[in-house]
Amino acid sequence: MDLNTITEVVRRPADRPGLDWREGDAWLAGGTWLFSAEQPHLRRLIDLTALHWDPLVPSDTGLEIGATCTIRDLYAFPLPGDWTAGSLFAKSCEAFLSSFKVWNSATVGGNICMSLPAGPMITLTAALEATYELWAPDGSVRIVEALDFVTGNNQNVLAPGEILRRIDIPARALRKRAALRRFTLTHLGRSTVFLIGTHTPGTGDLLLTVTAGTIRPVRFAFDAMPDARTLQQSIDALPAEVWFADPNGTPEHRRHLTKHFAEEIRRELKAGGRA
């Protein structure tokens, strides 16, 4: 079988790419996955980097991340001092299982659209209550909660020809206190579980986001800090089919780790007291 199926690369797409989308097209940004596996169904690549979308735009309302922003640029970005959850950015970037070359080429949007359970940009943006702006081939725009974008292992809500344009993280989420826990089988391995908890200063709330151990992001939201038993029961109530299985861990192992690290996060954020 002939695997050299790409016959065209669109180097200068229109400012609004996708209006001429056709079957066999693929968006090209970092290309770290696209060029690493056989793609016999593809015929044309559309280079999004030529559009020069702003990678990172901070404002009083929060942070806008262009979908083509590289992991390197996100890691190096100087965050405002009052964005106390900003420590999550570097730690999430460091969760990539990647070489130096991939680190410098992979994009935030690409990691999200791959929609793998261990995608660290999915963890980061879901935990910080982000929204995604999606562009459709007919010119329409829709906004999707980060939590709702990934629907399963390598599955998401994107329709054919639809593109992730940007990620918006609200300032209120960036000003929260945050705690992170991650487990891998090896020091630089893919995440078996990845949890982030956030807490609004001056309140007793807890927002716990669970990823990697589940096929899609799962959020537990409490208006008041739960006790250990309530938190454990909430995790136990997750349906069996939500837990992910691969060589990095069984569903049972991942559930056990999730309950263990969730309690550590609860205690850490509770110990901070009220601001």
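Is Glu-129 buried or exposed? In this predicted model, Glu-129 counts as buried, at 14% relative accessibility, because the cut-off for buried is under 20%. I will start from that residue, then go to helix H9, the sheet, and finally Glu-64.

Glu-129 makes a salt bridge with Lys-176, and the closest N and O atoms are 2.9 Å apart. Glu-129 sits in the loop between H5 and S6, while Lys-176 sits in the loop between H7 and strand S11 (177-184), so this pair ties together parts that are 47 residues apart in sequence. Lys-176 is buried, as Glu-129 is.

Glu-129 also meets the side chain of Arg-172 in a salt bridge, at 2.6 Å from N to O. Here the loop in question runs between helix H5 (120-127) and strand S6 (131-135), and Arg-172 belongs to helix H7 (residues 171-174), so the parts tied together are 43 residues apart in sequence. Arg-172 is exposed, with a relative accessible area of 52%. So one partner of this pair counts as exposed, since the cut-off for that is over 50%. For the whole model, the count of salt bridges comes to 14.

Next, helix H9. This helix has 21 residues, and from its first C-alpha to its last it reaches 30 Å, close to the 30 Å expected at 1.5 Å a residue. Within H9 (residues 251-271), Glu-263 and Arg-266 lie three residues apart, about one turn of the helix. They form a salt bridge, with the closest N and O atoms 2.8 Å apart. Glu-263 and Arg-266 are both buried. Other buried residues of H9 include Leu-257, Phe-261, Ile-265 and Leu-269. What do the buried residues of H9 pack against? They pack against S11, strand S12 (191-199), strand S13 (206-211) and helix H8 (228-236).

That brings us to the sheet. Four strands make up an open sheet, in the order S11-S12-S13-S14, with antiparallel pairing. S11 and strand S14 (218-222) are the edge strands, each pairing on one side only. On average, neighbouring strands are turned by 10° against each other, direction ignored. Between S11 and S12 the antiparallel pairing runs over eight bridges, and Ala-178 stands opposite Thr-198 in S12. Two helices are worth placing on this sheet. H5 packs on the sheet and touches S12, S13 and S14, its direction making about 20° with that of S12. H9 also packs on the sheet, touching S11, S12 and S13, and its direction makes about 25° with that of S12.

Last, Glu-64, which lies in strand S5 (residues 62-66). How accessible is Glu-64? Its relative accessible area is 17%, and Glu-64 is buried, because under 20% counts as buried. The side chains of Glu-64 and Arg-166 are joined by a polar contact of 2.8 Å. Leaving aside neighbours within four places in sequence, Glu-64 is in contact with Pro-55, Leu-56, Val-57, Arg-166, Ile-167 and Asp-168.

To come back to salt bridges before I stop: the pair in H9, Glu-263 and Arg-266, has its closest N and O atoms 2.8 Å apart. Elsewhere, Glu-64, Glu-133, Arg-166 and Asp-168 are joined into one network by salt bridges that share partners.

Definitions and conventions:
Residues numbered from 1 in each chain as written. Predicted model: local features only at pLDDT ≥ 70, side-chain atom pairs only at ≥ 80, totals over all residues. Heavy atoms only, no water. Salt bridge = Lys/Arg side-chain N within 4 Å of Asp/Glu carboxyl O. Buried < 20%, exposed > 50% of the residue type's maximum accessible area, 1.4 Å probe, protein only. Expected span 1.5 Å × (residues − 1). Contact = heavy atoms within 4.5 Å. Pairing = 2+ DSSP bridges. Axes fitted to C-alpha atoms, helices over the stretch in contact; angles between N-to-C directions. Polar contact = N/O pair within 3.5 Å; in protein donor to acceptor, adjacent residues only side chain to side chain.
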